[in-house]
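Me: I am new to this structure and should be grateful for a close look at a single part. Please begin with one residue and then describe its surroundings.
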Amino acid sequence: MFALTFLGTSASVPSAERNHPALLVEAAGQRILVDCGEGTQRQLLRSGAGFRRLDRILLTHAHLDHVLGIPGLFSTLGLRQTSDAMTIHGGEGTLDLVIRMLAGLWGAGRAPIPVEFAALSEGQVIDAGDFTIDCFPVRHRDTDSFGFVFQSPARRHLQSDRLAALGVPDGPLRGELAAGRPIVVDGRAIDPEDVLGPPSGGKKLVVIGDAETTDGLSKHVADADMLVIEATFLERDAPTARNYGHLTAAEAASFAAANNVGQLVLTHMSGRYEDEEILAEATRILPNSRIAADFDHVVI
Ligand SMILES: [Zn+2]
Ligand SMILES: [Zn+2]
């Protein structure tokens with residue numbers, strides 16, 4: 001299960017309703033911030049999420065709308081005397097900008113909280129046991145951008161009718177079977193395969209920040225339960241989208257539909273359009289599309 005809280009859903013210019021980009025993903029007791037636009041610390045407070053157990057930031061890229069909230073957040077965490085180290089994951093160029101930004105404010109290596117920097121390269125970012133995060137490169141102007149795949153494994157559950165039919169009593173023997181180990185009941189061997197149902201419950205969430213194209217990204221997004229991706233422009237402004245290295249709502253929806261995505265969530269919204277126009281362009285192609293608003297909370 002993944003719980004998403006959209007903390008900021010604007011493009012590079014914020015509006016009265018939309019803050020700069022940030023997304024909080026919570027899973028198995030862990031909290032991960034994806035991007036940290038200006039004002040994210042206040043969005044964390046306003047959403048009710050707060051600052052506790054916040055120790056990991058994934059950065060899609062180093063454009064200022066996605067990273068300027070880091071110094072303010074760190075300043076506040078320092079005042080709260082949070083001792084947890086913060087790990088920031090990003091491409092090498094992204095981390096270079098963040099390191100220079102923090103050094104410019106506080107001196108090299110002297111941020112208000114302990115910070116570790118972990119450079120991304122395609123593949124696994126972390127294995128948290130109950131879920132994994134992988135990253136993959138995304139093309140967006142001259143940045144070294146990354147997208148992220150959050151995945152929780154499908155699990156096989158004991159089938160109570162089969163347990164009853166085979167006379168497996170309640171208690172530790174069932175635990176053995178659930179753990180995949182064979183047992184013996186009244187002299188009869190029972191194999192886990194006899195009582196376990198098909199895999200179920202696995203979830204796949206893909207988060208892609210700014211992107212100039214979806215070419216080459218299909219294998220990372222295929223069959224996702226949810227895709228969060230930018231849609232800064234509408235199709236009528238496709239040439240402008242090209243020039244600025246962004247997607248249109250139609251491109252994002254076509255990409256999601258072609259890759260069997262369960263639900264599409266569009267973000268990085270430009271103030272030049274009405275929400276209804278953006279949503280209409282996407283739902284014409286993929287009915288199960290929505291537009292993220294600040295403080296939206298979505299669980300998959
Ligand atoms: Zn952006
Ligand atoms: Zn950007």
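Does Asp-65 count as buried or exposed?

Reply: Asp-65 counts as buried, because its relative accessibility is 7%; buried stands for under 20% relative accessible area, exposed for over 50% and partly exposed for what lies in between (1.4 Å probe, protein chains only). The model is predicted, so local features need pLDDT of at least 70 and side-chain atom pairs pLDDT 80 or more, whereas totals for chains, interfaces and linings use all residues. Residues are numbered from 1 along each chain as written, chains are lettered from A and ligands numbered from 1 in written order, and side-chain values use heavy atoms, without hydrogens or water.

Asp-65 (OD) belongs to the site of the zinc ion (ligand 1), whose other protein donors are His-66 (NE2), Asp-210 (OD) and His-268 (NE2), at 2.1 to 2.2 Å. Donors here are N, O and S atoms within 2.8 Å of the metal (3.2 Å for Na, K and Ca), and sites may look incomplete without water. Along the chain these donors are spaced as D-H-x143-D-x57-H, and the angles between the 4 donor atoms run from 91 to 162°. His-66 is also buried, because its relative accessibility is 1%.

Asp-210 ties this site to another metal, since it bridges the zinc ion (ligand 1) and the zinc ion (ligand 2), and the two ions lie 3.5 Å apart. Around the zinc ion (ligand 2), the coordinating atoms come from His-61 (NE2), His-63 (ND1), His-140 (NE2) and Asp-210 (OD), at 2.2 to 2.3 Å. Their angles extend from 89 to 171°, and their spacing reads H-x1-H-x76-H-x69-D. Distant parts of the chain are linked in this way: His-61 lies in the loop between strand E4 (54-58) and helix H2, while Asp-210 lies in the loop between strand E12 (203-207) and helix H8 (218-221), 149 residues apart. Helices (H or I, at least four residues) and strands (E, at least two) are DSSP runs numbered from the N terminus. His-61 counts as buried because its relative accessibility is 0%, and Asp-210 because its value is 3%.

Helix H2 (64-67) also has a part in covering the buried residues of helix H4, together with helix H3 (69-79), strand E5 (86-90) and strand E6 (115-119), among others. Helix H4 (residues 92-106) has 15 residues and reaches 21 Å from its first C-alpha to its last. Its buried residues are Thr-94, Leu-95, Val-98, Met-101 and Leu-102. They lie on the same side of H4, because they cover an arc of only 125° around the axis, taken from the directions from the helix axis to the C-beta atoms. On the other side of H4, Glu-92, Arg-100 and Gly-104 are exposed. Gly-107, just after H4, takes a positive phi of about 95°.

As for the setting of these parts, the protein chain has 11 helices and 16 strands. Of its 300 residues, 49% are buried. The C-alpha trace spans about 70 × 50 × 35 Å along its principal axes.

Terms used: Expected span 1.5 Å × (residues − 1). Contact = heavy atoms within 4.5 Å. Tetrahedral: all angles 85-135°; square planar, octahedral: opposite > 155°, others 65-115°.
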